[in-house]
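Me: I would like a close look at one part of this structure, namely the salt bridges and the strands that carry them. Please begin with how far the model may be trusted, and then set that part in its surroundings.

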Amino acid sequence: PPPPPRLDSSAASDVYKRQVSGGEADLALRHLTVNKDWEVSSGGAVKGVFELAPFVPAENPGLKALGFLTVDAELDAAVESLGFLDFYLRRVNGMAMDGKGQLRGHLHYEQGNLVHGTDLKVSADRLALSVPPYQVAGSGGIAIRMSPDQPETLGIDILFDALEALHRGDQVPLFTGQGLRVVAQGTARVLPDAARERGQGRLALSIPSVQVPDLRVYQRYLPDRWNLELKGGQGSLQGQAQFSASDLSAQLNLVSDDAHLRFKDFRFETNLDLGLKVTGDASGSANVDLSGTYLRLDQARLASTKQGGSKPWQASFAIAQGTLGIPLPEGKAQASGFRHLSQVFKAQGMKQLLASADAKLEADLSVSDLGWVNLLFKNDFDLAVAGSGRAAVDLRIHNGWLARGAKLRVRPRGLEVQVLDYVAQGQGVVALAVVQGGKQPDMRLDAQLEEAWLKRRGEADAVVEQVTLELSALARDVALG
């Protein structure tokens, strides 16, 4: 971003006076350059009242002199760089603005503060907003005005017409579309002094339904240890988020009807609906609440290069209650956790954060086919389960890995258990539990059938009826990632 403007010999303007009388001015601006090489405007008009209170220039150099200036004027100027907004936006996690367009409206400024009556608009044919490592570029408009309900609050409303959002270094965009809106609110103090630093800021982001041209660009957010890969597909994204120094809330929805996934040696083609809900506040911990987050897969077709595949199935996973523990920067106290969250996201990124986080989640799982469980258990007894139903899930994660105590329990419809040459069908319960956590956890499968019938595989008639069957299997060192 360009350096902040200075009121010294490096700031030069080329104006001609049309009329100046008793503190009133009607000026035509031909050219304005700041710091020798930062071109702010190539021409325009300024008409209004200018007042300068007495001050000692030697004691108030540079921007300090603006603390004695009052302006009440109409502006109409071509803006070659929107970097002049950086001084305000940079406080929001390093946000920076660039672009060019036409600035029009009313400016009311009193000795370091924008005050009631300020109403400026920028129509930008080139508009770029960056929060490293992300950038949104396109065209649109900017509105700068005072809040009618909060006279000391300034709002900057940025609305993109057409846009493309990219991660630094990527050629494929995260999403494209139109209508992205960013609203920043904060102190009306514009001079970079102690009074401005005490001001509190807030940012709101609204994403309408935009297009995701390639799901693979979101692979950067998935830890390598999960061994889950986005192989392709298109989709759409929408959502909203708000955050400040004391709280955070976000809701995002990613939908695709042709998502291609890989888990270990197994490939999926599926309809995908991911809803992410995150809230947090300055509660004295570095945790965020994930309650309301969900994942739905529909018409999922699973094929394994080693173990065959499964019929199309559906599944949904909804978090009823749960928190994600964010690792704090080294040396930071737990009580100061939340105010460092933005630093953690920026320094580590989502991928590293998820790879080292702790979580406790209570969730509901609904599956149309339990056959996916069999892919976790390689055994010499041809043990397999089948059926459909809803499960209660208690998910525990430590340092990014499944932890001891994680479990699910499901009472399937039409439960079927296969072992050796026999098949048993009936009503019962299936439970899956992590008995030893870590990179390659030990997992225990328990299946219990009641009033079941037992037959040999491939035979139509039951060998035994009214059977009670209990089976257990322990899978050691399950390679989940």
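Reply: The model is a predicted one, and its protein chain has an average pLDDT of 80, with 78% of the residues scoring at least 70. Confidence is lowest in strand 1 (residues 12-21), where the mean is 44, and highest in strand 10 (residues 175-177), where the mean is 97. Over residues 1-22 the pLDDT is below 50, although this stretch has 55 contacts in the model beyond near neighbours in sequence. Residues 334-338 also have a pLDDT below 50, and for this stretch the model shows 17 contacts beyond near neighbours in sequence. Where pLDDT is low, the predicted coordinates should not be read in detail.

We may now turn to the salt bridges. Side chains of opposite charge can pair when their charged atoms come close. How many salt bridges does a search of the whole structure find? The search finds 16, and three of the pairs are described here in turn.

In one of these salt bridges, the side chain of Arg 104 meets that of Asp 76, at 3.4 Å from N to O. Arg 104 belongs to strand 5 (residues 96-110) and Asp 76 to strand 4 (residues 69-79), so the pair ties together parts that lie 28 residues apart in sequence. Is Arg 104 buried, partly exposed or exposed? Its relative accessible area is 46%, and Arg 104 therefore counts as partly exposed; the range for that class runs from 20% to 50%. Asp 76 is likewise partly exposed, with a relative accessible area of 32%.

Strand 5 also carries Lys 100, whose side chain meets that of Glu 80 in a salt bridge of 3.5 Å, N to O. Glu 80 is located in the loop between strand 4 and helix 1 (86-89), and the two residues are 20 residues apart, so that the pair links distant parts of the chain. Glu 80 has a relative accessible area of 22% and is partly exposed. Lys 100, at 31% relative accessibility, counts as partly exposed.

A further salt bridge is formed by Arg 145 and Asp 119, whose closest N and O atoms are 3.7 Å apart. Because Arg 145 lies in strand 8 (residues 134-146) and Asp 119 in strand 7 (residues 119-131), this pair ties together parts that are 26 residues apart in sequence. Arg 145 is partly exposed, at a relative accessible area of 32%, and Asp 119 is partly exposed with a relative accessible area of 32%. Which residues do salt bridges with shared partners join into one network here? They are Asp 119, Lys 121 and Arg 145.

The loop between strand 7 and strand 8 holds Pro 133. A cis peptide bond joins Pro 132 to Pro 133, with omega at about 10°. Most residues other than glycine have a negative phi, and most peptide bonds are trans.

The interior may be considered next. The largest nonpolar core has 96 residues, and those that touch the most other members are Met 97, Ile 142, Ile 158, Phe 175, Tyr 218 and Leu 324. Strand 9 (residues 153-167) gives the most to this core, with six residues. Leaving aside neighbours within four places in sequence, Met 97 is in contact with several residues, including Leu 82, Leu 85, Leu 89, Leu 127, Leu 129, Ile 142 and Ile 158.

Asp 273 offers a charged residue in another setting. This residue lies in strand 16 (residues 266-281). Is Asp 273 buried or exposed? At 19% relative accessibility, Asp 273 counts as buried, since the cut-off for that class is under 20%. The side chain of Asp 273 makes a polar contact of 3.1 Å with the side chain of Tyr 294. Apart from residues up to four places away in sequence, Asp 273 touches Asn 253, Leu 254, Val 255, Tyr 294, Leu 295 and Arg 296.

Two residues deserve notice for their backbone angles. Gln 299, in strand 18 (residues 294-304), has a phi near 55°, a positive value in a residue other than glycine. Gln 299 is partly exposed, with a relative accessible area of 37%. Glu 451, in strand 27 (residues 442-456), has a positive phi near 50° and is likewise not a glycine. At 62% relative accessibility, Glu 451 counts as exposed.

Terms used: Residues are numbered from 1 along each chain as its sequence is written. Side-chain values use heavy atoms; hydrogens and water are left out. pLDDT is the predictor's confidence in each residue, from 0 to 100. Helices (H or I, at least four residues) and strands (E, at least two) are DSSP runs, numbered from the N terminus. Contact means heavy atoms within 4.5 Å. A salt bridge is a side-chain nitrogen of Lys or Arg within 4 Å of a carboxyl oxygen of Asp or Glu. Buried means under 20% relative accessible area, exposed over 50%, partly exposed in between (1.4 Å probe, protein chains only). A nonpolar core is a set of buried Ala, Val, Leu, Ile, Met, Phe, Trp, Tyr and Cys residues joined through side-chain atoms within 4.5 Å. A polar contact is a pair of N or O atoms within 3.5 Å; within protein, one must be able to donate a hydrogen and the other to accept it, and residues adjacent in sequence count only if both atoms are side-chain atoms.
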